[in-house]
Amino acid sequence: MPKISTIIYSVKQGTKNIKRNRMFSLASVGTITTCLFLFGIFYCILMNFQHIIKNAEQGVSVTVFFNEGITSQEIELIGEKIGQRVEVAKYDFVSAEAAWEEYKNTKLDPEHAASFGDDNPLENSAHYIVYLNDVEMQEVLVRYLQSIPGVRQVNNSEAIADVLSGVNKGLAFGTTAIIVILLGVAVFLISTTVTMGISVRRQEISIMKLIGATDFFIRAPFIVEGIIIGLVGAILPLGLLHVLYNKGIHYLMTSFSSPLKKADFIATGTMFKTLIPVCLLIGVGIGFLGSFITLGKQLRKIN
Amino acid sequence: MAGTYDINNDLRDIETPVILFQNVNKDYQKGTHAINNISFEIRKGEFVFIVGSSGSGKSTLIKLMLKEIKPTSGKVFVAGRELSRLKRWQVCKYRRTIGVVFQDFRLLPDRTVFENVAFAQRVIESPAREIRRQTPKMLSIVGLSEKHKSYPKELSGGEQQRVALARALVNNPVMLLADEPTGNLDPKNSWEIMRLLEEVNKRGTTVVVVTHNREIVDAMQKRVITMKNGVLISDNKKGGYAHAKN
């Protein structure tokens, strides 16, 4: 267990290292800031896109029609079976009367509708509208619904489900790829900074080793250096993103020409509740890993 | 705890040799034979000169003693323990018992005299109070109390070497290794350093000095190990440089 004085010393030395290698430290902070800024932008876009898609998915439904002459108890039983499925977010029952009423109101002109009098041409059109948790589950659910006794027909839209699921996968894949590349660049730059720091302090490290410094004592200031760089590199983009997100959402929702005027965006507070710890963790993680890996390689070269 | 190895205690208490070289060879990758089949021992409290021309293998001996390098064959024992068997964490403990002084001083240029000496204590995680107490004491012994705020570049060669000596001694080492400590100094400063080393030796510290300085070796009449082309050609218990040549 390191002594408190050693920890304080490491923090002081780590800070000094940053000042000594000002240019490289700035370059590293700049790179991590850029990476996390881009990451943040992608994250915000992705999360909002998924949020919007989720809302759209909730509009995707499957309609279940019943056999002719089915009793209301049998319809209720089918409803219970539907309600037990994990794929189902909610389901609504639409009676034949309600279905005809809606059809009349939306598809027919009043005169034409009146000509039917009390007749209900959609007598056998009572149905359940089933809403899904995830559009990708639609196929499985439809197969199940078709197998329930008393079910005559199941209507669904495979095209919408396929498009939404494809967009989701594409976005996730693209974003992950970009983020991985950016993080790789950040680790490389941290590693270069630490390598520079070690080469500047080569003599000091060599003396430390000869005097009998422990590995921890030698490594700690560099690890602190990496962590501070990572931390600053995370705080800066978070501040910037917070301001931009607020303004961006406000603009998109109020701008006269915005096509996204009616879109339901994630609130700033909700978004940053996740983004802050994620960015801090990534920043500190990159700083720690970048310096830790480099130290192992570089310190072996010094006697 | 029974069986626990503490090299610090072993070095301070033993009657066995502090350093024992047994048939040690060291070849560098380029194919150079730095030392050939060297065997000798150094006992606690001895003052030993290692002399020889450039490339004779003197500095390699120091590096082997510090475990900076490993022998190609043969064994180097410290306090009865073979160095090549020391674990990584034991190496730093071992080095804490040894003070080292180099020809080029190896001071940290961006730190004051005080900080350079305190650095050696800081590295072994001495308490701050101990650092504040021990550093001025050591600077006083080497006669640099008044220059504690100076930076190395503001000091003469002799003064820099005295700072290096203070740094080497501040942790109360069992053995002091000095690699050409007077190599960059004028005769007056050289003698000043040797006087300090002798003083350190009188207090019980084993001192090993690698040097070219014939005048000093002849005058001090200590044990002299002479190296030539990587071979130990003589080991005189009390002699001089000239004497060793014969």
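This report describes the sheets, helix packing and chain contact of a predicted model with chains A and B.

## Confidence of the model

The structure is a predicted model, and its overall scores are ipTM 0.76 and pTM 0.66. For chain B the mean pLDDT is 86, with 91% of the residues of that chain at 70 or more.

Within chain B, confidence is highest in strand E3 (residues 47-51), at 94, and lowest in helix H9 (residues 241-245), where the mean is 53. Residues 1-5 of chain B have a pLDDT below 50, and this stretch has one contact in the model beyond near neighbours in sequence.

## The sheet of chain A

Chain A holds an open sheet of four strands, which are arranged in the order E2-E3-E1-E4 with antiparallel pairing. Strand E2 (88-94) and strand E4 (151-155) of chain A are the edge strands, since each of them pairs on one side only. On average, and with direction ignored, neighbouring strands of this sheet are turned by 20 degrees against each other.

Following the order of the strands, E2(A) is joined to strand E3 (residues 127-132) of chain A by six bridges in the antiparallel sense, and here A:Lys90 has A:Tyr131 of E3(A) as its bridge partner. Helix H3 (residues 72-83) of chain A packs on the sheet, where it touches strand E1 (61-66), E2, E3 and E4 of chain A, and the direction of this helix makes about 165 degrees with that of E2(A). The pairing of E1(A) with E3(A) is antiparallel and runs over five bridges; in this pairing A:Tyr131 of E3(A) is the bridge partner of A:Ser61. E1(A) and E4(A) also run antiparallel and are joined by four bridges, with A:Gln153 in E4(A) as the bridge partner of A:Phe65.

## The sheet of chain B

Chain B has an open sheet of four strands in the order E2-E1-E4-E5, again with antiparallel pairing. Strand E2 (33-42) and strand E5 (81-82) of chain B each have a single partner strand and stand at the edges, so one side of each is left without a neighbour in the sheet.

Strand E1 (residues 19-27) of chain B and strand E4 (residues 73-78) of chain B run antiparallel and are joined by five bridges, and B:Leu20 stands opposite B:Phe77 in E4(B). Helix H2 (residues 58-65) of chain B packs on this sheet and touches E1, E2 and E4 of chain B, while the direction of the helix makes about 120 degrees with that of E1(B).

## Helix packing in chain A

Helix H1 of chain A packs against helix H9 (residues 215-254) of chain A at an angle of about 55 degrees, and the axes of these two helices are 8 Å apart. H1(A) and H9(A) are therefore oblique to each other, and their crossing is right-handed.

From H1(A), the contact includes A:Thr6, A:Ser10, A:Val11 and A:Ile18, and among the residues of H9(A) that meet this helix are A:Phe217, A:Ala220, A:Glu225 and A:Ile229. Taken together, the residues of this contact divide into nine nonpolar, six polar and one charged.

## Helix packing in chain B

In chain B, helix H4 (residues 113-123) and helix H6 (residues 157-169) pack with their axes 7 Å apart, at an angle of about 30 degrees. H4(B) and H6(B) are therefore roughly parallel to each other, and the crossing of these two helices is right-handed.

H4(B) contributes B:Val113, B:Asn116, B:Val117, B:Phe119 and B:Ala120 to the contact, and H6(B) contributes B:Val163, B:Ala166 and B:Arg167. These residues divide into six nonpolar, one polar and one charged.

## Where the chains meet

Between the two chains, 15 residues of chain A are in contact with 15 residues of chain B. On the side of chain A that touches chain B, helix H1 (4-20) and helix H8 (202-211) of chain A each supply at least two residues, and the largest share, six residues, comes from H8(A). By type, the residues on this side of chain A divide into seven nonpolar, six polar and two charged.

Technical notes
Residues numbered from 1 in each chain as written. Chains lettered and ligands numbered in written order. Predicted model: local features only at pLDDT ≥ 70, side-chain atom pairs only at ≥ 80, totals over all residues. Axes fitted to C-alpha atoms, helices over the stretch in contact; angles between N-to-C directions. Parallel < 35°, antiparallel > 145°, perpendicular 65-115°, else oblique. Left-handed = near helix turned anticlockwise from the far one by under 90°. Contact = placed C-beta atoms within 7 Å. Nonpolar A, V, L, I, M, F, W, Y, C, P; charged D, E, K, R; others polar. Pairing = 2+ DSSP bridges. pLDDT = per-residue confidence, 0-100.
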